[in-house]
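Work through the exercises below with the sequence and the 3D structure at hand. Each task is followed by a solution in steps.

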Amino acid sequence: MPGPVRSEAIVLRSLRYGEADRILHLYTPHHGRVGAIAKGVRRARSRFGGRLEPFFRLRLILHQGRGELLTVTAADTVNGHPRLREDALALDAAARACDAVARLFETSEAHPGVFNLLCHELALLDGDPAAATRANALAFRLKLLLAAGLAPQLGACASCGEGEHLVGFSGAAGGVVCAACEAGSFPLDEEAHSFMVAALARPLTEAPAGEGAPLGQVERAIAATLEHHAHVQLIPAASGVQSAR
Ligand SMILES: [Zn+2]
């Protein structure tokens, strides 16, 4: 990346560094995941103010420094998501969403769709903190799978193509499997299957609702897909409290 670079970014993580600096983990539309340092941030008169915090959507100017970290020289707020910060569950959901993006998209490869998806999720949680449900978190993860090219096959058996009697899910096969191919799979009920189909087809704001056991199967299906095809493990999609919402 030849600097200076102007880019929007979401702050995934913000770590204290030295006396007054911060190391930022950023997600950008065209440079993927980027590490940057912002100097003097923690001084009272820093020009950055308090905007280099997690979940801020920023417009940045980044310069190539020594080593791998870029240097932040200017930062404007596009959206600080202030309401999200006032609700513990929404804040927790935002952290889990950012963590999932960080783990699944850890390179500088451009995925503008992932950036937009994360912006939508943070805006949704900010607009209505009660949206921080397990169903929302799983719909977000399914869309991340789609963006990563790992969307599970849900229309027919992923092993043999059979269109009916789809009873299980297999991470190795990459989707739902029929009764004849169910070896090595785990049960996926109709409700869980419908949730996945609807979550992938609809915008995040219209993601289906869901509850307990079916959502547990959905989360397991996502985990199995990521484990087999990306060797990535995510933290649970929701806290115990969110799961009960
Ligand atoms: Zn089959």
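**Exercise 1: Arg83 and its partner**

Arg83 is partly exposed, with a relative accessible area of 47%; buried means under 20%, exposed over 50%, and partly exposed in between (1.4 Å probe, protein chains only). The model is predicted, so local features need pLDDT of at least 70 and side-chain atom pairs count only at pLDDT 80 or more, while totals for chains, interfaces and linings use all residues. Residues are numbered from 1 along each chain as its sequence is written, and side-chain values use heavy atoms, with hydrogens and water left out.

Task: find which residue forms a salt bridge with Arg83, and state where the two lie.

Step 1. Apply the criterion: a side-chain nitrogen of Lys or Arg within 4 Å of a carboxyl oxygen of Asp or Glu. The partner is Asp126, with the closest N and O atoms 3.2 Å apart.

Step 2. Place both residues. Asp126 is in helix H2 (residues 112-127), and Arg83 is in the loop between strand E5 (70-79) and helix H1 (88-104); the pair links distant parts of the chain, 43 residues apart. Helices (H or I, at least four residues) and strands (E, at least two) are DSSP runs, numbered from the N terminus.

Step 3. Check the accessibility of the partner. Asp126 has 3% relative accessibility and therefore counts as buried.

**Exercise 2: two further salt bridges**

Task: describe the salt bridge of Glu8 and that of Asp99.

Step 1. Count first: a search of the whole structure gives six salt bridges.

Step 2. Glu8 pairs with Arg57 at 2.7 Å between the closest N and O atoms. Glu8 lies in strand E1 (residues 5-17) and Arg57 in strand E4 (residues 57-64), so this pair ties together parts that are 49 residues apart in sequence. Glu8, at 22% relative accessible area, is partly exposed, and Arg57, at 23%, is also partly exposed.

Step 3. Asp99 pairs with Arg103, the closest N and O atoms being 2.6 Å apart. Both are in helix H1, four residues apart, which means a separation of about one helical turn. Arg103 is partly exposed at 35%.

**Exercise 3: lining residues by class**

Task: state how the residues that line the largest pocket divide into nonpolar, polar and charged.

Step 1. Sort by type: Ala, Val, Leu, Ile, Met, Phe, Trp, Tyr, Cys and Pro count as nonpolar, Asp, Glu, Lys and Arg as charged, and the others, Gly among them, as polar.

Step 2. The lining has four nonpolar, six polar and three charged residues.
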